[in-house]
Amino acid sequence: MELLLVVLLLAVLLAVGWGPWQRLVARLRADTLRAELTASLALARSTAITQRRRVTVCGSLDGMTCTPQWSHGWLVRTEDAPWASAAPGKVVHVRERQPDRIHVQSSQHRPHVQFLPDGRNAGTNQSLVLCVDGREHSRVVVNVTGRVRSERAGSPAAC
C-alpha cells in the first residue's frame, strides 16, 4: 500500500513538473543556439578582415549551399574576390542542427548576412530572431559597422 502511495505521489509530481521542465530545457537550448550563432557571425567578420574578402553567413540545409531557412543550421563561407588571381571561395564553418521547438529567422527579408573585407556589414542593420514555441526568445543583431551582439527579448512577442 505504501509503495502504491509513493508511485502515485511521484506520478503527480512528474505530471505537474513536466511542462515547466520542458520550457526550461527549450530556453536553455535557445540560449546555447544564440551563443553559437553569435560566435559564427564573429568568426565570419574576423575571417573577412584577416583574409580581406567578403564572407557570407547563411542558412543551410546541407552544409554546402545557402538557403533562406536558418532553422536547420547555417554555414560561413568566403566569397570569390572580384579579381581573377584570388583563390576560390570555400566553406569555413558549418553548424548543422535538427529542427525542434526553436526556429531562427532573418529580419528584413534578407536571407543572409555578408561582411565586407573591412569587417562592415554589407547592408543595413540586420537581426536574426530566435523563436521558441512561436514566441521571440532572443535575437542576434549585426549593425552597419559589423559589430555583433545578442539580446534577450524583454517581453516576448509572437514570431
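This talk covers two sheets, a set of salt bridges and one loop residue in a predicted model.

Some ground rules. Residues are numbered from 1 along each chain as its sequence is written, and side-chain values use heavy atoms, with hydrogens and water left out. As this is a predicted model, local features need pLDDT of at least 70 and side-chain atom pairs count only at pLDDT 80 or more, while totals for chains, interfaces and linings use all residues.

Sheets to begin with. Helices and strands here are DSSP runs, numbered from the N terminus: H or I with at least four residues for helices, E with at least two for strands. Two strands pair if DSSP finds at least two bridges between them.

One open sheet has four strands in the order 3-2-1-5. Its pairing is antiparallel. Which strands stand at its edges? Strand 3 and strand 5, the latter at 112-115. Each has a single partner strand, so one side of each is left without a neighbour in the sheet. The twist averages 10° from one strand to the next. For such angles, axes are lines fitted to C-alpha atoms, for helices over the stretch in contact, and angles run from 0 to 180 degrees between N-to-C directions. Look at strand 1 and strand 5: four bridges join them, and they run antiparallel. In that pairing, valine 57 stands opposite valine 113 of strand 5.

Now the other sheet. This one is also open, with four strands in the order 4-6-7-8 and antiparallel pairing. Strand 4 (102-106) and strand 8 (148-152) are the edge strands, each pairing on one side only. Neighbouring strands are turned by 20° against each other on average, direction ignored. Strand 4 meets strand 6, residues 126-132, through five bridges. Serine 106 has leucine 128 in strand 6 as its bridge partner.

On to charges. How many salt bridges does the structure hold? Eight. The criterion is a side-chain nitrogen of Lys or Arg within 4 Å of a carboxyl oxygen of Asp or Glu. For accessibility, buried means under 20% relative accessible area, exposed over 50%, and partly exposed in between, with a 1.4 Å probe and protein chains only.

Take arginine 95 and glutamate 36. Their closest N and O atoms are 2.4 Å apart. Why does this pair tie together parts that are 59 residues apart in sequence? Because arginine 95 lies in strand 3 (residues 91-96) and glutamate 36 in helix 1. Glutamate 36 is partly exposed, at 29% relative accessibility.

Next, arginine 77 with glutamate 79. Here the closest N and O atoms are 2.7 Å apart. Arginine 77 is partly exposed at 25%, whereas glutamate 79 is buried at 17%. Salt bridges with shared partners also join Asp31, Arg34 and Arg152 into one network.

Within that network, aspartate 31 bridges to arginine 34 at 3.8 Å between the closest N and O atoms. Both lie in helix 1, residues 2-51. They are three residues apart, about one turn of the helix. Arginine 34 is buried, with a relative accessible area of 14%.

Last stop: threonine 65. Where does threonine 65 lie? In the loop between strand 1 (55-59) and strand 2 (73-78). Threonine 65 is partly exposed, at 40%. Setting aside neighbours within four places in sequence, threonine 65 is in contact, meaning heavy atoms within 4.5 Å, with Gly59, Ser60 and Leu75. Its C-alpha is separated by 9.2 Å from that of valine 91, 26 residues away along the chain.
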